[in-house]
Amino acid sequence: MTKKSRGRILLVTGGAGFIGSNFIRYWLARHPADEILNLDKLTYAGNLDNLKDVSSDRRYSFIRGDIADREAVEEVYRRKPDVVVNFAAETHVDRSIGNPDDFIRTDVWGTYVLLEAARTQGVECFIQISTDEVYGSVEEGCSREDSPLLPRNPYSASKAGADRLAYSYHATYRLPVIITRASNNFGPNQYPEKVIPLFVTNALDDQPLPLYGDGLNVRDWLYVEDHCRAVELLIDKGVPGEVYNIGGDNPLTNRELTFRILDYLGKPRELIRHVRDREGHDRRYALDSGKLEALGWSPGRDFEKQLHRTIDWYHDNRWWWEKIKSGEFKAYYREQYGKR
Ligand code: NAD
Ligand code: DAU
């Protein structure tokens, strides 16, 4: 029996987080013969509630472990994954400004440990999930895959380090690495420190929405399922050693995004609270995704519908976010927003 006919084994790291959990659910639904190993440290952002519905699926196993721990990683590689998708990372820019340590450790060193194990064991495909933030702030036009990398905060600098380290394993050792750089994701199960779930859940509770600076920073919004579809396509059709941008083609200022959230929920604009800006706040991100589109992918075309579906999800799943907001998040929020 060939590997293909018995299905593949995917090692998904950071699968208990926002995008990783959406990816696991997406994959299990579409690839019945495949098996998924989810390696996650369960930091404050990792949440097994995100995977409740698949936890008893016999094609899915959860392993609690740190990607920066060589022994733990080698142990998982003994299960001979065919494909690795590395989502595991420290991901929140504001936290990276306060405390960069974990970002360097997980995003750079952790990626190195995963790459090194992949090189020794051999894998068919290693997807390194990078980010559009590695291009830095883009005043005009769009970043292409060959644009310079000019990260400007500890999070994006650590991701840029991992991005290039992954590439070096292709250039030097011919490891079949593919690097993705996606724009701002939104959808269900996103930790409510990020702007959309934070503003939606605050608005649902009639709490202030802390808008940074003048509110005119621009982000390009990508629905998480569109992101999962792109990664799926790249596992089969991506060219090793290549980088692929994944943009949503939905650029919005934060102010406009906030208005849309409040309007949909029927809440007053008086809930907006202008607060001190993020240090080194990147003004704008924008991607040219033509290279990925040439492989047959395109983002969903109805942003409004995707945004409303997302807002509805938080409206209908208070059990999910109320638990988070009354736990670790509470102290973080006080510390982060108390000083603004
Ligand atoms: P998230 O913060 O929701 O989840 C990160 C997950 O990684 C958590 O489950 C956490 O427990 C796990 N993790 C952290 N450190 C770990 C370690 N040392 N070992 C094992 N697991 C660890 O993040 P997300 O928003 O889902 O982002 C996933 C990936 O996508 C990240 O690599 C991020 O840089 C990238 N990305 C995110 C976005 C976005 O808008 N959210 C956009 C582009 C790229
Ligand atoms: O662009 C991709 C990146 O998107 C990912 O690589 C990161 O992991 C992810 O966190 C995200 O980074 P951002 O910094 O763009 O996302 P965040 O949700 O933190 O902020 C989005 C915008 O909203 C940004 O311009 C800052 C602003 N903002 C954010 C928060 C949390 C506010 O105005 N108020 C807030 O309270």
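**Exercise 1. Work out how the protein holds ligand 2, starting from the H281 side chain.**

Step 1. Start with the polar contacts. An N or O atom in the side chain of H281 sits 2.7 Å from an oxygen atom of ligand 2. Keep in mind that this is a predicted model, so treat the distances as computed from it. Y155 adds another pair, with a polar side-chain atom 2.6 Å from a ligand 2 oxygen. T91 uses its backbone instead: a polar atom there is 2.9 Å from an oxygen atom of ligand 2.

Step 2. Check how much of the ligand is covered. On its own, ligand 2 would expose 690 Å², and the protein buries 95% of that.

Step 3. See who does the covering. Two elements give two or more residues to the shell around ligand 2, namely α6 (195-204) and β8 (209-212). The shell has 23 residues, and D132, Y155, N184, R278 and H281 come nearest. Sorted by class, that's 10 nonpolar, seven polar and six charged.

**Exercise 2. Explain why ligand 2 lies between the two domains, then describe how those domains meet.**

Step 1. Get the bounds. The domain assignment splits the chain into domain 1 (9-186 + 221-246) and domain 2 (195-219 + 252-280 + 303-332).

Step 2. Place the ligand. Both domain 1 and domain 2 give residues to the shell around ligand 2, so ligand 2 lies between them.

Step 3. Look at the spacing and the contact. The C-alpha centres of the two domains are 26 Å apart. Domain 1 puts 16 residues into the contact and domain 2 puts in 20.

Step 4. Now the area. Between them, the domains bury about 1,700 Å², with 52% of it on carbon and sulfur atoms. On the domain 1 side, F186, W221 and Y223 lose the most area to domain 2, and together they make up 38% of what that side buries.

**Exercise 3. Do a similar job on ligand 1: find its polar contacts, its burial and the make-up of its shell.**

Step 1. List some contacts. A polar side-chain atom of T91 lies 2.7 Å from an oxygen atom of ligand 1. The side chain of D66 has an N or O atom 2.8 Å from a nitrogen atom of ligand 1. G46 works through its backbone, with an N or O atom 3.5 Å from a ligand 1 oxygen.

Step 2. Check the burial. Taken alone, ligand 1 exposes 850 Å², of which the protein buries 97%.

Step 3. Map the shell onto the fold. α1 (18-30), β5 (125-131), α5 (154-173) and β7 (184-186) each supply two or more residues. The largest share, three residues, is from β5.

Step 4. Finish with the residues themselves. Ligand 1 is surrounded by 28 of them, and the closest are I19, D40, T91, Y155 and K159. The classes come out as 12 nonpolar, 12 polar and four charged.

Terms used. Residues are numbered from 1 along each chain as its sequence is written. Chains are lettered from A and ligands numbered from 1 in the order in which they are written. This is a predicted model: local features need pLDDT of at least 70, side-chain atom pairs count only at pLDDT 80 or more; totals for chains, interfaces and linings use all residues. Side-chain values use heavy atoms; hydrogens and water are left out. A residue is near a molecule or strand if one of its heavy atoms lies within 4 Å of it. A polar contact is a pair of N or O atoms within 3.5 Å; within protein, one must be able to donate a hydrogen and the other to accept it, and residues adjacent in sequence count only if both atoms are side-chain atoms. Accessible areas come from the Shrake-Rupley method with a 1.4 Å probe; for residues, only the protein chains shown count as cover. Helices (H or I, at least four residues) and strands (E, at least two) are DSSP runs, numbered from the N terminus. Ala, Val, Leu, Ile, Met, Phe, Trp, Tyr, Cys and Pro count as nonpolar, Asp, Glu, Lys and Arg as charged, and the others, Gly among them, as polar. Domain bounds come from an automatic or database domain assignment. Contact means heavy atoms within 4.5 Å. Buried area is the accessible area (1.4 Å probe) that two parts lose on being put together, summed over both.
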